[in-house]
Amino acid sequence: MTSPFTLHSQASDCAARRGEVRTLHGTVQTPVFMPVGTQATVKGVTPENLKELGAQIILGNTYHLYIRPGHELIRSFGGLHKFMNWDQPILTDSGGFQIFSLKDLTKITEEGAAFKSHLDGSKLFLSPEDAVAVQEALGSDIMMCLDTCIPYPATREEAIASTDLTGRWAKRSRAAHKERGQLLFGIIQGGMYPDLRAKAVEELVEVGFDGYALGGLSVGEPAELMMEITEEIAALMPADYPRYLMGVGTPENLVEAVYRGIDMFDCVMPTRNARNGMLFTSSGRLVIKNARHQDDQRPVDEECDCYTCRHYSRAYLRHLFMAREILSSQLNTIHNLHYYVGLMARIRKAIEEDRFAQFRQEFYAKRTVE
Ligand SMILES: CNc1nc2cc3c(cc2[nH]1)N=C(N)NC3
Ligand SMILES: [Zn+2]
């Protein structure tokens, strides 16, 4: 198994590292934040917007695309890249998390997950092999194994049973994957039990994957617990392979997880919060509908050079939000994604110059409560 990851530099005073992941559609510089494009679109922005703000790689979702429009239709268009006009890397999540988020999940057996479509209630089934086949049809650069997500909180017995099943499914996913350049990442489950997670790392490394993801975090557990587990398990994940923390997180979470050795992140926060009028800035968060922005001529963030901050005032963005204008979501999303992607670029530079611990201190010093 040759790793797709190259380590460029390791921080001298913490676990942070600077690297790159080679994929079929290009090489991704890490640490990296991946904008979420669940249904073959990063909501509210075009691929050109994404390139302009510096996105290297985006996320798609197997469950959603399997349900609608269907992976066979996307395959007939030459895959997801052609279908959505994005020619850079795409990572597709396996759907494990979405299936487990469905309220009326029917049942999990050794064979796979039987569930009802959230669209029309039709009965569906995905085995680990199906999830690999769907992602091969989508043509994603990085595929995720189908896993079972453990709710928080969960008993140790529940965590053991679920984690063992995820391990057996991982073996089947690997066996089902035809080596065609697409990468396949394993997902480490184990709930909030570090010993179960450590065992899961060992088993997945034994099977052999192109990268390893920490799953089942950011599921409602306290942030301290998420960081504790991240710290302990990241140190056990192979240093010469990509480390991906799924579904995380706030800007602070990203800084703390990079500090502990994580390379890859995805989170709906910058895009979802943008649509809800919550904007990230270098000094903290800004709620655009707040009356104090009504006649404020300044941009969202004086330190930001994104398209939105170069052309529009807080007053105008507040007006668009209050009027429920479509442009509100577009401009707010451009700004928030630019902030997240820009934060990762500043983190990469700080690690290259071996001053990440100092960067981390300065990052917090600037955060005032908005
Ligand atoms: C928002 N929090 C979050 N935790 C996750 C955890 C997982 C995931 C997506 C997540 N998102 N996808 C998986 N396939 N498994 C684990
Ligand atoms: Zn901006």
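**Figure 1. The largest cavity in this predicted model has a volume of about 40 Å³.** The model is predicted, so treat the views below as views of a prediction. Searching the whole structure turns up one cavity of 30 Å³ or more. Who lines the largest cavity? Its walls come from Thr163, Thr166, Gly167, Ile187, Ile188, Gln189, Ala200, Glu203 and Leu204. Three elements, α7 (156-176), β11 (183-188) and α8 (194-207), each put in at least two lining residues. Sorted by class, the lining of the largest cavity holds four nonpolar, four polar and one charged residues.

**Figure 2. Helices α7 and α8 pack with their axes 10 Å apart.** The angle between α7 and α8 is about 10 degrees, and angles under 35 degrees count as roughly parallel, so α7 and α8 are roughly parallel to each other. On the α7 side of the contact, look for Arg156, Ala159, Ile160, Thr163, Asp164, Ala170, Lys171 and Arg174. Facing them from α8 are Asp195, Leu196, Lys199, Ala200, Leu204 and Val207. Taken by class, the residues of this α7 contact with α8 come to seven nonpolar, one polar and six charged.

**Figure 3. The largest pocket has a volume of about 770 Å³.** It has 39 lining residues, and the ones closest to its centre are Phe97, Gln98, Gly247, Asp266 and Val268. The elements giving two or more residues to the lining are β5 (58-61), α5 (96-101), α9 (223-234) and α11 (269-275). Which element gives the most? That's α11, with four residues. By class, the lining of the largest pocket splits into 14 nonpolar, 18 polar and seven charged residues.

**Figure 4. Asn61 sits in strand β5.** Is Asn61 buried or exposed? The cut-off for buried is under 20% relative accessible area, and Asn61 comes in at 3% relative accessibility, so Asn61 counts as buried. Leaving aside residues up to four places away in sequence, Asn61 touches Thr38, Asp93, Gly95 and Gln98. Gln98 turned up in the previous view too, among the residues closest to the centre of the largest pocket.

**Figure 5. The second largest pocket has a volume of about 200 Å³.** Its lining is made up of Ser282, Asp301, Glu303, Cys304, Asp305, His335, His338, Tyr339, Gly342, Leu343, Arg346 and Lys366. Class by class, that gives three nonpolar, four polar and five charged residues.

**Figure 6. Helix α6 (residues 128-138) is mostly covered.** How many of the eleven residues of α6 are buried? Eight of them are: Pro128, Ala131, Val132, Val134, Gln135, Glu136, Ala137 and Leu138. Keep an eye on the end of the helix as well, where Gly139, just after α6, takes a positive phi of about 75 degrees.

**Figure 7. Helix α13 spans residues 314-322 and has buried residues along it.** The buried ones are Arg314, Ala315, Leu317, Arg318, Leu320 and Phe321. What do they pack against? Their partners are α11, β16 (284-287), α12 (307-311) and α14 (326-352). You've met α11 already, as the element that gives the most to the lining of the largest pocket. Just after α13, Arg324 takes a positive phi of about 55 degrees.

Key: Residues are numbered from 1 along each chain as its sequence is written. Chains are lettered from A and ligands numbered from 1 in the order in which they are written. This is a predicted model: local features need pLDDT of at least 70, side-chain atom pairs count only at pLDDT 80 or more; totals for chains, interfaces and linings use all residues. Side-chain values use heavy atoms; hydrogens and water are left out. On a 1 Å grid over the protein atoms alone, a cavity is a set of points where a 1.4 Å probe fits but cannot get out, and a pocket is an open set with protein on both sides within 12 Å along at least five of seven lines; lining residues have an atom within 4 Å of a point. Grid points are joined across faces, edges and corners, and a volume is the space filled by probe spheres set on the points. Ala, Val, Leu, Ile, Met, Phe, Trp, Tyr, Cys and Pro count as nonpolar, Asp, Glu, Lys and Arg as charged, and the others, Gly among them, as polar. Axes are lines fitted to C-alpha atoms, for helices over the stretch in contact, and angles run from 0 to 180 degrees between N-to-C directions. Angles under 35 degrees count as roughly parallel, over 145 as roughly antiparallel, 65 to 115 as roughly perpendicular and the rest as oblique. Contact means heavy atoms within 4.5 Å. Buried means under 20% relative accessible area, exposed over 50%, partly exposed in between (1.4 Å probe, protein chains only).
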